[in-house]
Amino acid sequence: MNKCRSCKKKTYGYSDGMHHVWVCWSCGQFEGSGSDPFFPQVVMANPQLVWAMIGEKMLKPIESGE
């Protein structure tokens, strides 16, 4: 189980197959990874993009064990 660096609560994973984002629904922090070098730059400049991508189901929950 991943834990938030800020509040130490559980984080939840989302992915589109190339990007992975771990979201803390308690405090709103997130961190991501992936092979696209521009994704972290875009997301850090526009954090609301992560919430929009989850809402539009572009990023889908990572099943446990993945």
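Ser15 has a relative accessibility of 14% and therefore counts as buried, a class that takes in residues under 20% relative accessible area, with exposed meaning over 50% and partly exposed in between (1.4 Å probe, protein chains only). The model described here is predicted, with local features needing pLDDT of at least 70 and side-chain atom pairs counted only at pLDDT 80 or more, while totals for chains, interfaces and linings use all residues. Residues are numbered from 1 along each chain as its sequence is written, and side-chain values use heavy atoms, leaving out hydrogens and water.

Ser15 belongs to strand β1. Here and below, helices (H or I, at least four residues) and strands (E, at least two) are DSSP runs numbered from the N terminus. From this strand, the side chain of Ser15 reaches the backbone oxygen of His19 at 2.9 Å. This is a polar contact, the term for a pair of N or O atoms within 3.5 Å; within protein, one atom must be able to donate a hydrogen and the other to accept it, and residues adjacent in sequence count only if both atoms are side-chain atoms. With neighbours within four places in sequence set aside, Ser15 is also in contact with His20, Met58, Leu59, Lys60 and Ile62, where contact means heavy atoms within 4.5 Å.

The wider setting of β1 is an open sheet of four strands, arranged in the order β3-β2-β1-β4 with antiparallel pairing. Two strands are taken to pair if DSSP finds at least two bridges between them. At the edges lie β3 and β4 (60-61), each of which pairs on one side only. Strands β1 and β2 run antiparallel and are joined by four bridges, and in this pairing Tyr14 stands opposite Val21 of β2. Between β2 and β3, also antiparallel, there are five bridges; here Trp22 has Glu31 of β3 as its bridge partner. The hairpin formed by β2 and β3 has six residues between its strands, and Gly28 in this hairpin takes a positive phi near 90 degrees.

Turning to the helices, Val50, Met53 and Ile54 are the buried residues of α2 (residues 48-55). These three lie on the same side of α2 because they cover an arc of only 100 degrees around the axis, the arc being that of the directions from the helix axis to the C-beta atoms. What do the buried residues of α2 pack against? Their partners are β1 (12-15), β2 (19-23), β3 (30-34) and α1 (39-45). On the face turned away from the buried side, α2 carries the exposed residues Gln48 and Gly55. Lys57, which follows α2, has a positive phi near 65 degrees.

The largest nonpolar core has 10 residues, namely Tyr14, Val21, Val23, Phe30, Phe39, Val43, Val50, Met53, Ile54 and Leu59. Such a core is a set of buried Ala, Val, Leu, Ile, Met, Phe, Trp, Tyr and Cys residues joined through side-chain atoms within 4.5 Å. At least two residues of this core come from each of β2, α1 and α2, and α2 gives the largest share, with three residues. Two core members illustrate the surroundings. Not counting residues up to four places away in sequence, Tyr14 touches His19, His20, Val21, Val23, Trp25, Ile54, Leu59, Lys60, Pro61 and Ile62. Ile54, in helix α2, has a relative accessible area of 14% and is therefore buried; beyond four places in sequence, its contacts are Tyr14, Val23, Trp25 and Leu59. The C-alpha atoms of Ile54 and Ser33 are separated by 15 Å, with these positions 21 residues apart along the chain counted as their sequence separation.

The cysteines deserve a closer look. A disulfide is a covalent bond between the sulfur atoms of two cysteines. With the cut-off set at cysteine sulfur atoms within 2.5 Å of each other, the structure holds zero disulfides. Cys4 is in no disulfide, and the nearest cysteine sulfur, that of Cys27, is 3.6 Å away. Why is the sulfur of Cys24 not in a bond with that of Cys7? The Cys7 sulfur is the closest one to that of Cys24, but at 3.5 Å it is too far for a bond. Cys4 is buried at 5% relative accessibility, and Cys24 is buried at 1%.

Both of these cysteines also touch Thr11, a residue in the segment before β1. Its contacts, not counting residues up to four places away in sequence, are Asn2, Lys3, Cys4, Trp22, Val23 and Cys24. At 8% relative accessibility, Thr11 likewise counts as buried.
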